[in-house]
Amino acid sequence: MTLRALAADVLVGGKGEQLARHVVALVEGALPRFCEFLNLERKAQNHEKLGRLRGAHETILTILQPLRTPYASLETLVGAKPRLAAALQHSQVRAYCRPWRIDEIAELVERLVGSLSRVLGMDDGFEADLEISRREIVEGLVFADARPSFLASDLRAFLQNAGQLLDTFLSAMQGRFVARIIRADREGGELQKRYPLHEEGRELRVVVPFRNEGPGPALDLVFKASSQHAGVAVDDEEQVLGDVAPGEFGVAVNVLLTESCAAFDLDVEVRWREVGALKAREELFGARVVAQRSDVDWGSLKYWNPYSTEPAEGAGFYGRREQVGTLVARFLQRPMEPSYITGQKRVGKTSLAVTALSEARAEDSYGQLTTGYVLWGRVAHEDPRRALRQLGAAMEQIVRQGLRGETPPKGDYDGTLSPLLDLLDLAREKDPERRFAIVIDEFDEMPEDLWLKGNLAETLFGNIRALTATSNFCLLLVGGENMPFVMERQGARLNKFNRINLTYFSRTDEFDDFTRLVRGPSEGVLTWHSDAVSAVFNMTNGNPYFSKIICKQVAARAVAERDGDVTAREVERAVTTGVAALDTNAFMHLWEDGTLSAVEDREAMILKRRRALAALARCLRAGRPATLAQISAHKGSTAIEERELAPVLHNLADRGVLIETEQGFEVALPIFRLWLLEVGVSRLANDGLSEELATLQERLDDEAYVKSSEIVALTEAWKPYRGRQIGPETVRAWLDQRPGNRNQRVLFQMLQAVRILGQDEVLSRLQQAGQVIRDLLGVPMRRSNAERRSDVVLTYIDGEGKSGQRYAADYAEANLINVAGILSPAIFEEEFARAEKRGTPKAIVIVDDIVGTGGTLSKKLTAFVERHSLLLDRVRPRIEVYSLFATEDGKRRVLETLAGLAYPDIDFRAGEIIPESLFAFHAPRGVFSSPDDYDRAKALAVDIGTTIYGADRALGFGNQGLLLVLPNTVPNNSLPLLHSSSKDPDRPWKPLFERVTNG
């Protein structure tokens, strides 16, 4: 201070020499290092030293020049961070400026420049960083105005400069922050989805699709729906969606049908902010909700299964007209031509063959074609010779069906099919026009002794060649991916066979057929919108088997919900909830086929493929690009060498199971990818060689993966929190904050045990609580519906804007009490006096949300009674203390406190005693499935909670570890990881149910 006064020429008193001596002595004694910094020589004259001291202020200002410089752009200000830090952390600047709070100013500038740097980066959390920057500027200006000084003036100028640069930056970036909200389907028109509006009393969840056209996010988006239609009751509470990224989203409106109708109109008011904007934007959208067909008898469809995955024929076979026509022609033309069908399993090869036989018979107008179907599994035997004998007998039986008159004795097919050739010659002699067409299915499932090597194989394929040379006989062989190996091995003998390669439905050429495959079986019951058909195709790439599985799940859900209108949303829900139920058998052909070799080699190849796919799935689960290196890093302890991994992956890519791109490998079939991520990893790992494949810990980690279907099922049952429905994507992002499937599993178990109270439950409880007052005081006569009772006042024990104040207002609403009777605890007696002018209150109700330990409420009730003792003695009101929830210990403590108060007419009641199931870590294993999960969960909760409330309250206030969520807040006794963010930047954590606090 002395040096600052000296520089300002305000230090007066005494003679010049005497003044110099006193000032120099004071400074040299108090600030010896500062004097060294100024090069104040001890032997110099006092007046010389005084001159140097008088210039000390200017020296300090020179060092502080980075703080005093007006910057031209936000980038240059942020770039000056090292110089600002050097100036404000300069030891002698800190010594000189200590009286003017240099430490606080340095910390404020450091925080501000840090947040502005993040704003410039425009990364995730941009809006939060922007808000932090603005708050730092405002708080800094308040600080500067409250403590005027030269340093405060420099700080004010710096902050004003930063604010102007921030505004300039935002203006320049404004185009990148625009968020335009529009209807995603038809502006103001009918919703694509039709709803069952014919069922009076039915509750519906109407989804109105929107799109944020961006390019910026829509922040703090809220919507409110209404309808003027007399036959519907719409939930008109404001719903919060939060921040919405560019792209499509939907708002879900709860509707109660009070009477059936053909249609009704909805008005949806949407409000949101753009990044950097202080004022919200607002739009009103219209949507017309139209009824779906009402003539479906859902009760009769309990066991309806229109989508069979068995081989289809007749009206149940869709598309493939070119292939069917080709086969029919080869059956009917002269000479007949043999063929074979190959392709992945589950693509409809059997259906194609059977349909071709059926249509060939239908086109054979003279009845000259005899057909038959032989499934290899019906004739298979462990003894290849026995199997061949049974195959020959089955084919002979078919041929005999076309013979007229007396037939010869049955042939002996021991080691040969030659008797069949004799029978065909006899048939041709008896009836030259008679022809025979036989399908042998699963031909590539034959044992290798019948096709690979040896006399038996040579004989069989020699017989087959001779059969196909017979003019009255046609053979169609059907097999999977192994079929080409068989045909190539016996190529010289089978060169007459024409190949038909069957694949998935083509979007380009066969989408109409695929559409019939989806819509046809359920026609008259389900209405499939085009986007729903596309959604099925997108998930299956046109694979008919998996498409039918999805359609089957959609149909079952439609019957259960009595809702026959199918959009893409219904398909997505069916896939998400149903994929985990698909058995390994549905997909095993993807890793088992295409491995025709010796049995021992085949099993080894299948095992390697399973392990490679499991490693790939682990890699995708971890969110890593599926490069060879990353897949190898995620193979764990599986017994597949890194040098073997690449050939296996490339083999899977060659077969179309995987796709190889520049970024790495990807699963070709989307539904298989989803199954792999959901449950496939653990099922592929369970290959009977667990000791070789993976350690116990790896298998446990695979099995612990939280499936999407589990998350969907959980969130669909949740009630909104702060007006916002928390969805599966938000839960998945919350879980992903902690890596490791087992960690995420125990976090999910916590969520499964969480209880979310709905606002309707709160009002119901508060209304029940009000019965005590009604019993005590009676119910006053009301002269109008708008009149409210004024003989009861309400207050709360926490601060303004906190939960107690909200529940006091809810109590007033539920019990028809005048809102003017809600008294602030800060000025309780003043407001009580105003209330007395409307009539002396006969009761005081104190409302709280939860009593945990009971300590806080006990202290505040004691203080309340002591502070207002004179008022209470004068009026003698009944005091009712009510809490929505209380622990048993908390209730006991409060009642003991009340019993010891000087004021007797006071009581406490709780709406519900918190059950053991809402304590995450109650003995012996809490809400967890095993003691190991309990230990893991507690360690995780303590680790995260410590970054929020510190080690002493890591599990919440009183370390009670509650799992309770109220409609608009979370009690501080609940686990902190549910409701609060980490305060440690090195260990970040974001809550799922963010707790808004006020002071």
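Me: How many bridges join strand S20 to strand S21, and do they run parallel or antiparallel?

Reply: In this predicted model, strand S20 (residues 843-851) and strand S21 (residues 878-886) run parallel and are joined by 8 bridges.

Me: Which residue of S21 does Ile844 stand opposite?

Reply: Opposite Ile844 stands Ile879 in S21.

Me: And what sheet are we in, open or closed?

Reply: The sheet is an open one of 4 strands, with parallel pairing and with the strands in the order S19-S20-S21-S22.

Me: Which strands stand at the edges?

Reply: Those are S19 (792-796) and S22 (906-913), and because each of them has a single partner strand, one side of each is left without a neighbour in the sheet.

Me: By how much are neighbouring strands turned against each other?

Reply: On average, and with direction ignored, neighbouring strands of this sheet are turned by 25° against each other.

Me: Which strands does helix H41 touch?

Reply: Helix H41, residues 888-899, packs on the sheet and touches S20, S21 and S22, and its direction makes about 175° with that of S22.

Me: Changing topic, how many cavities of 30 Å³ or more does the structure hold?

Reply: There are 4 cavities of 30 Å³ or more in the structure, and the largest has a volume of about 80 Å³.

Me: What lines the largest one?

Reply: Its lining consists of Lys193, Val554, Arg557, Ala558, Glu561, Asp563, Asp565, Val566, Glu570 and Ala574, which by class gives 4 nonpolar, no polar and 6 charged residues.

Me: Which elements supply at least two residues of that lining?

Reply: Helix H23 (544-561), strand S15 (565-566) and helix H24 (568-578) each supply at least two residues of the lining of the largest cavity, and H23 gives the most, with 4 residues.

Me: What about the second largest cavity, what volume does that have and which residues line it?

Reply: The second largest cavity has a volume of about 60 Å³, and the residues that line this cavity are Ala769, Val772, Ile773, Tyr811, Val845, Glu880, Val881, Tyr882 and Arg909.

Me: Which elements give two or more residues there?

Reply: Helix H36 (771-777) and S21 give two or more residues to the lining of the second largest cavity, and the largest share, 3 residues, comes from S21, the strand that is joined to S20 by 8 bridges.

Me: How many nonpolar and how many charged residues does that lining have?

Reply: By class, the lining of the second largest cavity has 7 nonpolar and 2 charged residues, with no polar ones.

How values were computed
Residues numbered from 1 in each chain as written. Predicted model: local features only at pLDDT ≥ 70, side-chain atom pairs only at ≥ 80, totals over all residues. Heavy atoms only, no water. Pairing = 2+ DSSP bridges. Axes fitted to C-alpha atoms, helices over the stretch in contact; angles between N-to-C directions. Contact = heavy atoms within 4.5 Å. 1 Å grid on protein atoms, 1.4 Å probe; cavity = no way out; pocket = protein on both sides within 12 Å on 5 of 7 lines; lining within 4 Å. Points joined across faces, edges and corners; volume = space filled by probe spheres on them. Nonpolar A, V, L, I, M, F, W, Y, C, P; charged D, E, K, R; others polar.
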